[in-house]
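Please open the model in a viewer and set the side chains to be displayed on selection. The tour below proceeds by selections, each followed by a description of what is found there.

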Amino acid sequence: MFKKLFNTTIGLALGGGAAKGVAHIGVLKALEDADIEVDYIAGTSVGAMIAALYAFKVDVETIGSLARRLTMSKVTSFKLNKTGFFSTESLRELMLEYVGDVAIEDAAIPLSIVATDINSGEEIVLTSGSVVDAVCASAAIPGIYIPVEINGRTLVDGGLVQNVPIEALQTAGAGVTIASHLNSVSHYQEISHVLDVMRNAFEIAVSQHTQDQLKEADLLISMDLSDFSLRDNTARYDELFNIGHQAATVQLTKLAWYKKTNLFLYIGRMMRELAPFKLPEFIRRALNKTGV
């Protein structure tokens with residue numbers, strides 16, 4: 001309990017959102033501009049891909065250069081199978097090109113990647129083993145992509161269980177969690193392709209539980225990207241990058257205040273949870289205002 005009190009290490013959770021993930025790159029640049037060092041990083045789906053690149057010290061400019069030419073078709077290989085229409089082989093080759101055949105536990109920044117066991121419904125947080133396998137599993141949208149087998153488990157997109165992996169950061173040891181959320185508005189793109197239908201259905205299902213999970217974040221960077229495509233935003237890279245950068249810059253001004261007042265907030269939580277008496281009204285109102 002008291003270890004958490006003085007823990008000001010920073011954890012960054014990058015959520016799913018397919019081609020909208022470019023906004024995460026803007027968030028990373030805002031963190032660097034503010035001289036905020038990320039101590040832990042976690043990702044789901046496209047967030048897993050960007051988190052893995054950043055954890056292995058691929059610089060923001062290089063990640064951006066990759067994203068400028070990245071479309072869903074470039075990370076998708078058609079391979080009709082009983083369990084899906086596409087394989088993640090192209091994504092695998094891309095990750096191998098940029099980080100190599102590396103293990104999660106060897107990352108420069110402690111890395112957690114979230115996937116879902118499609119047979120049991122369990123959340124699987126991958127903190128060891130092949131980075132490439134983990135990213136492919138985390139991005140394997142069920143019904144579209146063929147699931148990925150890891151350690152005897154059949155894994156699919158982590159968004160089913162934890163689309164913005166805040167809990168994974170807390171488990172890893174982060175004291176202050178920052179969440180980058182790409183789907184703050186429940187409005188979905190007009191469909192023009194069968195993949196849009198399936199992807200929108202997935203997003204709708206995921207959004208139902210994500211809102212509750214986001215309450216666990218100490219700092220939430222939330223963006224309305226409903227006007228952007230889930231499949232291809234290469235022509236709108238700059239727009240997406242700037243939205244992520246601006247949203248993060250605004251929210252990060254609160255981070256110094258949060259770290260300085262962490263002691264007060266923690267004491268407030270303990271009083272609320274442990275005190276055998278009713279808190280005075282003025283204290284209760286103050287705690288409510290701070291979100292404790």
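The stops that follow cover a helix, its salt bridges, the nonpolar cores and some backbone angles. The model is a predicted one.

**Stop 1: helix 5**

Select residues 89-99, which form helix 5. Begin with Glu89 and Arg92, which form a salt bridge whose closest N and O atoms are 3.8 Å apart. Why can these two side chains be looked for together? Glu89 and Arg92 are three residues apart in helix 5, so about one helical turn separates them. In general, an α-helix has 3.6 residues a turn, so residues three or four places apart point the same way. Both ends of the bridge are partly exposed: Glu89 has a relative accessible area of 37%, and Arg92 has one of 22%. Now add Asp133 to the selection; Glu89, Arg92 and Asp133 are linked in a network of salt bridges.

Next, select Ser90, Leu91, Leu94, Met95 and Val99, which are buried residues of helix 5. On which side of helix 5 do they lie? They cover an arc of only 140° around the axis and therefore lie on the same side of helix 5. Finally, move to Gly100, just after helix 5, where phi is positive at about 85°.

**Stop 2: further salt bridges**

How many salt bridges does the structure hold? There are nine. Two further examples merit selection.

- Asp212 and Lys215: their side chains meet in a salt bridge, with an N to O distance of 3.4 Å. Lys215 is exposed, at 65% relative accessibility.
- Arg236 and Glu239: their side chains form a salt bridge at 3.1 Å, N to O. Glu239 is partly exposed, with a relative accessible area of 40%, and Arg236 is likewise partly exposed, at 24%.

**Stop 3: the nonpolar cores**

Select Leu12, Ile41, Met95, Leu111, Leu126, Ile178 and Leu252. These residues touch the most other members of the largest nonpolar core, which has 65 residues. Which helix gives the most to this core? Helix 3 (residues 46-55) does, contributing nine residues. A second, separate core contains 13 residues, among them Val114, Val164, Leu214 and Ala217. As a general background, nonpolar side chains in soluble globular proteins tend to be buried together.

Return to Leu12 and display its surroundings. Leaving aside residues up to four places away in sequence, Leu12 touches Val27, Leu28, Leu31, Val38, Tyr40, Ile41, Ala42, Leu169 and Ile178. Met95, met earlier among the buried residues of helix 5, also appears among the core residues that touch the most other members.

**Stop 4: positive phi outside glycine**

Most residues other than glycine have a negative phi. Two residues to select here depart from that pattern.

Select Ser45 first. Ser45 is not a glycine, yet its phi is positive, at about 60°. Its place is in the loop between strand 2 (40-44) and helix 3. Is Ser45 buried or exposed? At 5% relative accessibility, Ser45 counts as buried, because the limit for a buried residue is under 20%.

Then select Asn151, which also is not a glycine and has a positive phi of about 50°. Asn151 lies in the loop between strand 7 (148-150) and strand 8 (153-157). With 77% relative accessibility, Asn151 counts as exposed, whereas Ser45 is buried.

Conventions. Residues numbered from 1 in each chain as written. Predicted model: local features only at pLDDT ≥ 70, side-chain atom pairs only at ≥ 80, totals over all residues. Heavy atoms only, no water. Salt bridge = Lys/Arg side-chain N within 4 Å of Asp/Glu carboxyl O. Helix = DSSP H or I, 4+ residues; strand = E, 2+ residues; numbered from the N terminus. Buried < 20%, exposed > 50% of the residue type's maximum accessible area, 1.4 Å probe, protein only. Arc of directions from axis to C-beta. Core = buried A, V, L, I, M, F, W, Y, C linked by side-chain atoms within 4.5 Å. Contact = heavy atoms within 4.5 Å.
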